[in-house]
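Subject: The two-chain model, with notes

Hi there,

Here is the structure I promised to pass on. Please open it alongside this email, and my notes will follow underneath.

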Amino acid sequence: MDAYLAAIAIIALIYMLLSLGLTLQYGLTGLINFGHVGFFAIGAYTSALLSLQGLPLALTIPAAAVTAGLAAWPIGLISLRLRDDYFAIVTLGFSETVRLVITSEKWLTNGVQGIPGIPRLFETISVGIGAQLAVMGLILAVTLAAIYAMRRIVASPFGRVIEAIRDNEEALQALGKDPAGFKIQVLILGSALAGIAGAFYAHYITYIVPDQFIPLVTFYVWMAIIIGGVGRVSGAIVGTGLLMLFLEGSRFLRDIVPGVSEVEMASLRIGVVGLLLVLFTIYRPQGLMGDFTKR
Amino acid sequence: MSLQVTNISKAFGGFKALSGVSLEVPMGGLVGLIGPNGAGKSTLFSVISGFMPPDEGAIGFDGRSLDGLNPAGRARTGLVRTFQVPREFAHLTVRENMMAAAPGQTGESLVGLFLRAGKVREEEERLAEEVREVIRFLRLERVADEPAGKLSGGQKKLVELGRALLVKPRLILLDEPFAGVNPVLIGEIMERIRELNGRGIGFLVIEHDLEALTRLAPQLYVMDQGRILTMGAPDAVLADARVREAYLGGAV
């Protein structure tokens, strides 16, 4: 049971990194990124492949952040010329393209068979719950560092400008500031976070296949930040925590509710999350963490 | 040494929004631009501020051509516009709206933000003081820490003016500063504009409220159907038969 709880906590922390990245991009800057999972995938494959070449994880995980961040750069350049809704489509297309590329470039990624035997974090230190806790501790430390950095950004002149972009881009231009550079930085930074999350994921699960990187992952992250409260760092944290609790907790619900098969339960879970999203959008659009306008 | 708009034309499909518009605002001048709805006033502002490319014509400011500059580049030359429908940063407070407008902040770069925290703090303190003064000047103290989205229309116009001031403008293009503003506040805004003009900031003001603008601006341009009809002192302009015909529909 301890191992199970630790596993949930690790996955929740990985999702929290994803949520923080999206909070920076959408919540603070207003960039509708529907392709978050693409950067998650790039991070996962980068770190997995490099580590299988024998590179230490202390290098491959930062490398995952760099490749995911670099991948965001051209996307940013192309997409900044587009309106919000087109940007959303481009990013969704990008993440699907990433998935198709890792599916078909077998020489590199082993295609649908995926990459097994990815080295674990702290492999040499210990086995069992000790290793789990060490992994959890590391990811927690990285998440806390990300939260700290995000809070610094929110309270800074940089944070003011990206929120101004979200609220009214043309007004900012009229005041002599070019939004493009800010948007690209935000895209790179948020995607680098997704890349780190992907690397942690790969080294935790130890086996990655293209099917783990479907758009549903992106939309789980969206659900988390909408429930928690868009535009707030605390919203990303609380929303992700609740979503993970619900997704995992509902596994046990099946024990109490008779006559529901595993497959039905999986669909039911998503149905309930969908219903929650609708209710939140109608009755509490600011999310659980309260007034969107106050930090 | 002025804003020089020369022979600007702009068509949307078959509709000529602007045909050969020329006007000039001397540095430190206070010039009004009036005209009925659809005369092309706001289109002209969009062209001058770089949000819309003209089909023909040239814009010069302070002796240099603005033609190659984007909106942000034009604003950085000291030519700052406001919008007809206020475009406040709704989720930022009034104070933050103005702080966001100030140029050259170290903390706007991520490197500066994390590696030169001391300098950022210093700049923030200096900027906060500057913003306090602008807020005091515009009598916005009471709402300084409210989200700008919650303000009244008139207060939002003042926030826009305040933001423009933080850019250190030499000429402000004001788009209908009195539209939808209550009469008491109109007087206030006018007073502030005069005061700023006295400090050497030039204004080109679009206004629908004929009466307010004739009180404010010593020189008026009148637009109708995409053309400049006439220009001159308010009395002379209002006495012009073509202006009465176009603007007042011959009713006066």
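How many bridges join strand β1 (residues 2-12) of chain B to strand β2 (residues 15-26) of chain B? Eight bridges join them, and the two strands run antiparallel.

Before going on, a word on conventions. This is a predicted model, in which local features need pLDDT of at least 70, side-chain atom pairs count only at pLDDT 80 or more, and totals for chains, interfaces and linings use all residues. Residues are numbered from 1 along each chain as its sequence is written, while chains are lettered from A and ligands numbered from 1 in the order in which they are written. Helices (H or I, at least four residues) and strands (E, at least two) are DSSP runs, numbered from the N terminus. Strands count as paired if DSSP finds at least two bridges between them.

Strands of chain B

Back to that first pair: Gln4(B) stands opposite Glu24(B) in β2(B). The hairpin of β1(B) and β2(B) has two residues between the strands, and Gly13(B) there takes a positive phi near 60°. These strands belong to an open sheet of four, with antiparallel pairing, in the order β2-β1-β4-β5 (chain B). At its edges stand β2 and β5 (64-65) of chain B; each has a single partner strand, so one side of each is left without a neighbour in the sheet.

Another hairpin of chain B is made by β9 (residues 219-224) and β10 (residues 227-232), antiparallel strands joined by five bridges. Met223(B) faces Ile228(B) in β10(B), the two standing opposite each other. Two residues lie between β9(B) and β10(B), and Gln225(B) in the turn has a positive phi of about 45°.

Domains of chain B

The domain assignment (bounds of this kind come from an automatic or database assignment) splits chain B into domain 1 (2-88 + 152-247) and domain 2 (89-150). Their C-alpha centres are 27 Å apart. Contact here means C-beta atoms, placed from the backbone, within 7 Å; it takes 13 residues from domain 1 of chain B and 17 residues from domain 2 of chain B. On the domain 1 side, α6 (153-166) and α7 (183-198) of chain B each supply at least two residues, and the largest share, nine residues, comes from α6(B).

Where the chains meet

By the contact rule, 29 residues of chain B touch 21 residues of chain A. On the chain B side, the elements giving two or more residues are α2 (71-76), β6 (79-81), α3 (94-101) and α4 (110-115). That side has 18 nonpolar, five polar and six charged residues (Ala, Val, Leu, Ile, Met, Phe, Trp, Tyr, Cys and Pro count as nonpolar, Asp, Glu, Lys and Arg as charged, and the others, Gly among them, as polar).

Helices of chain A

Helix α1 (residues 2-28) of chain A bends by about 35° at Leu22(A), the bend being the angle between axes fitted to the seven residues ending there and the seven starting there. Just after α1(A), Gly30(A) has a positive phi of about 85°.

Is Leu189(A), in helix α9 (residues 179-205) of chain A, buried or exposed? Leu189(A) is buried because 22 other C-beta atoms lie within 10 Å; the cut-offs are 20 or more for buried, 12 or fewer for exposed, and partly exposed in between, with C-beta atoms placed from the backbone. By contrast, α12(A) is hardly covered, with zero buried residues among its 22.

Happy browsing!

Definitions and conventions: Contact = placed C-beta atoms within 7 Å.
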